[in-house]
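Please open the structure in your viewer and keep the selection panel at hand. The tour below proceeds from one selection to the next.

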Amino acid sequence: MIQSDTQAANKPSLNVLLAGPRGFCAGVDRAIKIVEEALKRYGAPVYVRHEIVHNRFVVESLERQGAIFVEELHEIPDNGQPVVFSAHGVPKAIPGEAERREMFYLDATCPLVSKVHREAEHHHARGRHILLIGHAGHPEVIGTMGQLPEGCVTLVEDEEDAQRVQPPADVPLAFITQTTLSVDDTAGIIAVLSERFPAMSAPAKEDICYATTNRQAAVKAIAPRAELMIVVGAPNSSNSVRLVEVANRAGCPKSIMVQRGRDLDLAVLDGVHTVGITAGASAPEVLVEEVLSKLRERYALATEEVVVAEERITFKLPTALSAAEA
Ligand code: 0K2
Ligand code: SF4
């Protein structure tokens with residue numbers, strides 16, 4: 001259904017295609033709720049190791065409620081207050097260190113990331129060397145590699161890496177992936193690996209999650225109709241950066257990322273009749289609304305939402321937070 005702005009007769013019109021789904025996924029929603037619920041139950045401060053999700057707006061609103069963000073556990077005093085691990089997951093050494101220091105920790109790792117951690121352990125237990133498809137330095141990759149002893153996982157970032165990688169000889173192989181990759185790039189990397197290592201254990205499907213897959217599919221659906229794609233998200237958000245790339249490759253001539261409405265320079269709209277808008281899994285809908293408000297400063301919007309999938313998935317909170325208070 002197309003919705004048109006009323007009382008904007010003197011403004012030029014702009015078609016807006018809203019990607020559906022966009023924005024928060026179940027893992028992000030759960031991670032933020034864990035921090036909020038911890039603040040409610042245990043009071044401030046609640047420490048959070050790494051940005052709970054890669055979005056400054058989310059981080060700053062939790063800071064206002066009493067959350068303190070750190071990068072490493074040594075920055076946290078021994079004061080008995082909880083520490084939450086971010087949605088991206090942590091190496092095994094982190095809960096280990098928290099236990100040694102008798103810290104009270106809550107794990108906000110997305111259950112779909114934890115599933116990949118368990119797959120890594122499963123392959124390792126069967127004597128397989130693991131090829132992890134993902135991006136170096138990303139916290140999810142650091143967390144997944146850190147489930148196993150050093151040397152048991154080799155990172156493969158792209159097709160060139162897949163062509164060159166020399167895993168240990170005479171050891172069976174398996175692959176796993178980061179959850180927020182480009183579906184198409186990953187298929188290309190897996191094709192190269194499967195060709196080189198036909199005996200490699202391959203899961204039925206890579207580990208890219210439902211939310212990443214659906215957001216990319218929605219962008220592909222609107223990209224050919226749009227002259228500009230605006231992705232609401234943060235530069236350190238892997239899944240959001242992928243949406244910018246997907247839009248370009250799916251035929252949208254220009255694709256940009258903005259963190260919020262005030263970052264949008266309306267000059268980029270010159271000559272544009274149809275704009276696509278989406279948001280990464282860590283970007284709240286209020287920031288999409290900000291972008292729409294900014295566009296309304298100059299245009300009368302005719303908005304159409306293009307929905308390629310319905311998402312009903314939700315994840316439970318950790319037992320420590322979901323149990324009724326004693
Ligand atoms: O896409 P990223 O992994 O960089 O993370 P965020 O932007 O924080 O989105 C939430 C996904 C977290 C884990 O998959
Ligand atoms: Fe979980 Fe996927 Fe969301 Fe990451 S993007 S938090 S894996 S649902």
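Begin by selecting ligand 1 together with the residues around it: by class, this shell holds four nonpolar, 10 polar and one charged residues. The model in view is a predicted one.

Next, reduce the selection to the residues that come nearest. Of the 15 residues around ligand 1, these are H54, S237, S238, N239 and S282.

Now display the polar contacts one at a time.

- Select H54 and look at its backbone: an N or O atom there lies 2.6 Å from an oxygen atom of ligand 1.
- Move to N239, where the side chain places an N or O atom 2.7 Å from an oxygen atom of ligand 1.
- Proceed to H138, which has a polar side-chain atom 2.8 Å from an oxygen atom of ligand 1.

With these contacts in view, show the surface. How much of the 370 Å² that ligand 1 exposes when taken alone does the protein bury? The protein buries 96% of that area. Hide ligand 1 for a moment and consider the space that it takes, which is the largest cavity.

Then turn to ligand 2. Select C25, G27, C110, L112, V113, T179, C209 and Y210, the residues that surround ligand 2. Which classes of residue make up this shell around ligand 2? Colouring by class shows six nonpolar and two polar residues, with no charged residue in the shell. G27 and T179 are among the residues to inspect here.

Finally, hide ligand 2 as well: the space taken by ligand 2 is the largest cavity, as was stated for the space taken by ligand 1.

Notes. Residues are numbered from 1 along each chain as its sequence is written. Chains are lettered from A and ligands numbered from 1 in the order in which they are written. This is a predicted model: local features need pLDDT of at least 70, side-chain atom pairs count only at pLDDT 80 or more; totals for chains, interfaces and linings use all residues. Side-chain values use heavy atoms; hydrogens and water are left out. A residue is near a molecule or strand if one of its heavy atoms lies within 4 Å of it. A polar contact is a pair of N or O atoms within 3.5 Å; within protein, one must be able to donate a hydrogen and the other to accept it, and residues adjacent in sequence count only if both atoms are side-chain atoms. Accessible areas come from the Shrake-Rupley method with a 1.4 Å probe; for residues, only the protein chains shown count as cover. On a 1 Å grid over the protein atoms alone, a cavity is a set of points where a 1.4 Å probe fits but cannot get out, and a pocket is an open set with protein on both sides within 12 Å along at least five of seven lines; lining residues have an atom within 4 Å of a point. A molecule sits in a cavity or pocket if more than half of its atoms lie within 2 Å of its grid points. Ala, Val, Leu, Ile, Met, Phe, Trp, Tyr, Cys and Pro count as nonpolar, Asp, Glu, Lys and Arg as charged, and the others, Gly among them, as polar.
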